[in-house]
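Visitor: I have just opened this structure and would like to learn how to read it. Could you walk me through some of its features?

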Amino acid sequence: MRAACARVAGIARRVAVVDDAIEPYAASLPDPPRAYLEVEHRLGAADRETRTAFVICLDAINFGSGWWPTIRKRDGHSGYSTIESALAERFRDAGHWPVEQLREVGPAEIAAALGQDAGHPLMASYAEALRDVGDRVAAEHSGSFTALVGAARGSAVELAGILAGWRSFADVSLYEGEQVPFYKRAQIAAADLNRAGVASLAGEERLTAFADNLVPHVLRLDGVLHLDPPLAAAIDAGELLIHGSPEEVELRACAVHAVERISAADAGRLAPASIDAILWSRGGGARYKAVPRPRSRNTAY
């Protein structure tokens with residue numbers, strides 16, 4: 001992933017990392033925020049299997065940012081927090097879906113759990129992703145989410161690698177004829193299990209930044225990424241980017257590469273995943289919300 005993103009950053013024509021910004025930016029970053037996935041608070045006295053299932057299922061459907069303006073948001077919630085809080089309430093009140101149920105789940109059931117319109121395109125995509133999770137956990141881990149985590153043998157990287165092979169967590173783009181693996185949701189699932197206190201997986205520092213649309217947006221506004229004027233104008237006008245297009249791949253890859261360089265410039269004080277958490281949290285601020293962020297409708301982020 002690192003090598004592929006560095007290759008894209010080296011030949012990108014629409015997005016550039018601002019070299020002179022890396023070192024001062026690294027020195028300016030605070031410590032990462034506290035864990036933002038508060039599973040115990042959300043799920044109450046749920047057992048470990050339910051808490052693990054929640055994290056895996058949440059990250060299996062942790063996409064849809066291109067559709068956020070079209071969903072039914074809760075008051076004071078972002079698109080992501082609307083989905084996350086609704087799913088947590090479903091798990092708290094009814095427990096997790098047994099894998100036999102998960103393998104058969106449909107858009108209407110997902111929509112009811114999330115408080116959304118069953119006809120919204122995301123509901124069919126969410127249902128498809130969760131059915132794949134059910135199939136995989138049933139076939140490969142005896143129907144147990146804790147067994148899935150156990151199969152990673154205590155390694156965040158190994159768990160991300162397991163999930164990356166599932167259709168529900170697929171995330172590879174093509175650029176100039178070569179594959180660029182991002183695996184945003186597979187990696188963030190491993191980090192989320194740690195941050196939620198559900199598992200203790202070593203090697204989180206080996207994960208990359210989680211390539212979505214918010215991190216490049218923050219890096220752009222903070223002067224770390226420079227966008228070609230036509231691309232910047234299209235984003236500012238609210239135009240949707242095509243998933244897998246050169247400009248969309250460059251945004252994601254250059255953001256990942258920039259975070260790697262920021263981490264290296266600060267002698268590893270902050271690992272890439274920790275920098276990602278800082279930038280993700282920063283992106284919720286008024287300054288960043290006041291400017292349109294890049295949006296693309298896809299199942300990667």
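Guide: Here is a short tour of helix packing, buried faces, single residues and backbone angles. Please keep in mind that this is a predicted model.

Visitor: Let us begin with helix pairs. What describes two packed helices?

Guide: Two packed helices are described by the angle between their axes and by the distance separating those axes. Take helix α4 (residues 48–60) and helix α5 (residues 79–94): their axes are 11 Å apart and the packing angle is about 150°. That makes α4 roughly antiparallel to α5, since angles over 145 degrees count that way. The crossing in which α4 passes α5 is right-handed.

Visitor: Which residues in α4 and α5 meet?

Guide: From α4 come Thr50, Ala53, Phe54, Cys57 and Leu58, and they meet Tyr80, Glu84, Leu87, Ala88 and Phe91 in α5. Sorted by class, this contact has eight nonpolar residues, one polar and one charged.

Visitor: At what angle do α12 and α14 pack?

Guide: The angle between α12 and α14 is about 65°, and their axes lie 9 Å apart. These two helices are therefore roughly perpendicular to each other, because that label covers angles from 65 to 115 degrees. Here α12 passes α14 in a left-handed crossing. On the α12 side, Val215, Pro216 and Leu219 meet Leu251, Ala255, Ala258, Val259 and Ile262 of α14. The classes in this contact are eight nonpolar, no polar and no charged residues.

Visitor: Now a single helix. Which residues of α13 are buried?

Guide: A good way to start is to list the buried residues and then look down the helix axis. In helix α13 (residues 229–236), the buried ones are Leu231, Ala232, Ala234 and Ile235. Viewed down the axis of α13, they fall within an arc of 160°, so they line one face of the helix. Pro229 and Pro230, on the other side of α13, are exposed.

Visitor: What covers the buried residues of α13?

Guide: The cover includes β1 (15–17), α12 (214–221), β4 (225–227) and α14. Both helices of the roughly perpendicular pair are thus part of this cover. After α13 comes Gly238, with a positive phi near 80°.

Visitor: Which residues are buried in α10?

Guide: Helix α10 (residues 156–164) has Ala156, Leu159, Ala160, Leu163 and Ala164 as its buried residues. Down the axis of α10 they fall within an arc of 140°, so they too line one face of their helix. Among the elements covering them are α4, α9 (145–150) and α11 (184–195).

Visitor: Let us zoom in on one residue. Is Cys254 buried or exposed?

Guide: For one residue, look at its place, its accessibility and its contacts. Cys254 sits in helix α14 (residues 246–265). Its relative accessibility is 0%, so Cys254 counts as buried, the cut-off being under 20%. Setting aside neighbours within four places in sequence, Cys254 is in contact with Ala9, Ala12, Val15, Val17 and Leu225.

Visitor: What does Met123 touch?

Guide: Met123 belongs to helix α8 (residues 121–140) and is buried, with a relative accessible area of 1%. Not counting residues up to four places away in sequence, Met123 touches Pro107, Ile110, Ala111, Leu114, Gln116, Asp117 and Ala118. You can also compare sequence and space: Met123 and Arg90 are 33 residues apart along the chain, and 15 Å separates their C-alpha atoms.

Visitor: You mentioned phi. Which sign does it have in most residues other than glycine?

Guide: Most residues other than glycine have a negative phi, which is the background for two cases here. Arg153 has a positive phi, near 55°. Arg153 lies in the loop between α9 and α10 and is exposed, with a relative accessible area of 66%.

Visitor: Where is Glu176 found?

Guide: Glu176 is in the loop between β2 (172–175) and β3 (178–181). Its phi is near 50°, again a positive value in a residue other than glycine. At 49% relative accessibility, Glu176 counts as partly exposed, because exposed means over 50%.

Terms used: Residues are numbered from 1 along each chain as its sequence is written. This is a predicted model: local features need pLDDT of at least 70, side-chain atom pairs count only at pLDDT 80 or more; totals for chains, interfaces and linings use all residues. Side-chain values use heavy atoms; hydrogens and water are left out. Helices (H or I, at least four residues) and strands (E, at least two) are DSSP runs, numbered from the N terminus. Buried means under 20% relative accessible area, exposed over 50%, partly exposed in between (1.4 Å probe, protein chains only). Contact means heavy atoms within 4.5 Å. The arc is that of the directions from the helix axis to the C-beta atoms. Axes are lines fitted to C-alpha atoms, for helices over the stretch in contact, and angles run from 0 to 180 degrees between N-to-C directions. Angles under 35 degrees count as roughly parallel, over 145 as roughly antiparallel, 65 to 115 as roughly perpendicular and the rest as oblique. A crossing is left-handed if the near helix is turned anticlockwise from the far one by less than a right angle, and right-handed if clockwise. Ala, Val, Leu, Ile, Met, Phe, Trp, Tyr, Cys and Pro count as nonpolar, Asp, Glu, Lys and Arg as charged, and the others, Gly among them, as polar.
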